[in-house]
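Let's take a walk through this structure, from the inside to the outside. Keep the viewer open and click along as we go.

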Amino acid sequence: MYIDLQDLFWLTLISLFCLHWWHAQKVKEIAFKHTMRHCKEMDLQLLDGSIGLRAFWLKRGDDGRLHFWRSYVFEFTATGDDRYKGRVVMLGQKVTNIQLDPHRI
């Protein structure tokens, strides 16, 4: 049994895709933990218990290297009656910004 060069190419491509997906899940988990902590500090409730990827891009970090820039969105409430949107921005595995829409206290 021999492996073709084309088979090796597809196997490598699938492996790289799986590795990227696994790394993206780890980054999403970091963003979720920071979002939960921020909402708890601000006395807010994170709704739906999840965050969703809104956008991603390549950007240079402070170290001069290229990193994936990711923006996640989430919904929260302060009073339990209204839903507001928030956003958490990641550069690599670091949270760079958490923004909350103006909300009622």
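A quick word on vocabulary before we start: contact here means heavy atoms within 4.5 Å. Keep in mind, too, that this is a predicted model.

With that in hand, pick out Leu44. Setting aside its neighbours within four places in sequence, Leu44 is in contact with Cys39, Phe76, Thr77, Ala78, Leu100 and His103. Two of those partners, Cys39 and Phe76, turn up again together with Leu44 in the largest nonpolar core. That core has 12 residues in all: Val27, Ala31, Cys39, Leu44, Leu46, Ile51, Tyr72, Phe74, Phe76, Tyr84, Val88 and Met90. Where do they come from? Helix α1 and the strands β1 (45–60), β2 (66–77) and β3 (84–91) each supply at least two residues of this core. As background, nonpolar side chains in soluble globular proteins tend to be buried together.

Now zoom in on the aromatic members of the core. A search of the whole structure turns up 4 aromatic pairs. One to look at is Phe74 with Phe76: their ring centres are 6.2 Å apart and their planes sit at 50°, so the pair counts as tilted. The cut-offs behind that word are simple: planes under 30 degrees apart would be stacked, and over 60 would be edge-to-face. Are these two rings buried or exposed? Phe74 has a relative accessible area of 3%, so it is buried, and Phe76, at 0%, is buried as well. Add Tyr84 to Phe74 and Phe76 and you have one aromatic cluster.

Not every nonpolar side chain is tucked away, though. Follow helix α1, which covers residues 5–41, and you will come to Phe17. With a relative accessible area of 57%, Phe17 is exposed, because anything over 50% gets that label. Phe17 belongs to a nonpolar patch on the surface together with Leu16, Leu19, Trp21 and Trp22. Between them, these five side chains' residues have about 640 Å² of accessible area.

Next come the charges. The structure holds 6 salt bridges. Staying in α1, find Lys33, which pairs with Glu29, the closest N and O atoms being 3.4 Å apart. Both residues lie in the helix, 4 residues apart, or about one turn. Glu29 is partly exposed, with 46% relative accessibility.

Another bridge joins Arg65 and Asp63, and here the closest N and O atoms are 4.0 Å apart. Arg65 counts as exposed at 55%, while Asp63, at 48%, counts as partly exposed.

For a bridge that spans more of the chain, look at Arg104 and Asp82, whose side chains meet at 3.8 Å, N to O. Arg104 lies in the segment after β4 (94–100) and Asp82 in the loop between β2 and β3, so this pair ties together parts that are 22 residues apart in sequence. Arg104 is exposed, with a relative accessible area of 56%, and Asp82 is partly exposed, at 26%.

Salt bridges can also link up into something bigger than a pair. Asp48, Glu75, Arg83 and Lys85 are linked in a network of them. Asp48 is worth a second click for its backbone: its phi is near 65°, a positive value in a residue other than glycine. Asp48 sits in strand β1 and is exposed, with a relative accessible area of 60%.

Which other aspartate has a positive phi? Asp43 does, with a phi of about 60° although it is not a glycine. You will find Asp43 in the loop between α1 and β1, and with a relative accessible area of 65%, it is exposed.

Last stop: Arg60, also placed in strand β1. At 58% relative accessibility, Arg60 counts as exposed. Leaving out its neighbours within four places in sequence, Arg60 is in contact with Arg65, Leu66 and Leu91. Arg65 is the residue we met earlier in the bridge with Asp63. If you want to try the distance tool, go from Arg60 to Arg87: they are 27 residues apart in sequence and 20 Å apart in space, C-alpha to C-alpha.

Methods:
Residues are numbered from 1 along each chain as its sequence is written. This is a predicted model: local features need pLDDT of at least 70, side-chain atom pairs count only at pLDDT 80 or more; totals for chains, interfaces and linings use all residues. Side-chain values use heavy atoms; hydrogens and water are left out. Patches are made of residues with over 30% relative accessible area and no salt bridge: like charges are joined within 9 Å, nonpolar side chains (Val, Leu, Ile, Met, Phe, Trp, Tyr) within 5 Å. Accessible areas come from the Shrake-Rupley method with a 1.4 Å probe; for residues, only the protein chains shown count as cover. Buried means under 20% relative accessible area, exposed over 50%, partly exposed in between (1.4 Å probe, protein chains only). A nonpolar core is a set of buried Ala, Val, Leu, Ile, Met, Phe, Trp, Tyr and Cys residues joined through side-chain atoms within 4.5 Å. Rings of Phe, Tyr and Trp (its six-membered ring) pair if their centres lie within 6.5 Å; planes under 30 degrees apart count as stacked, over 60 as edge-to-face and the rest as tilted.
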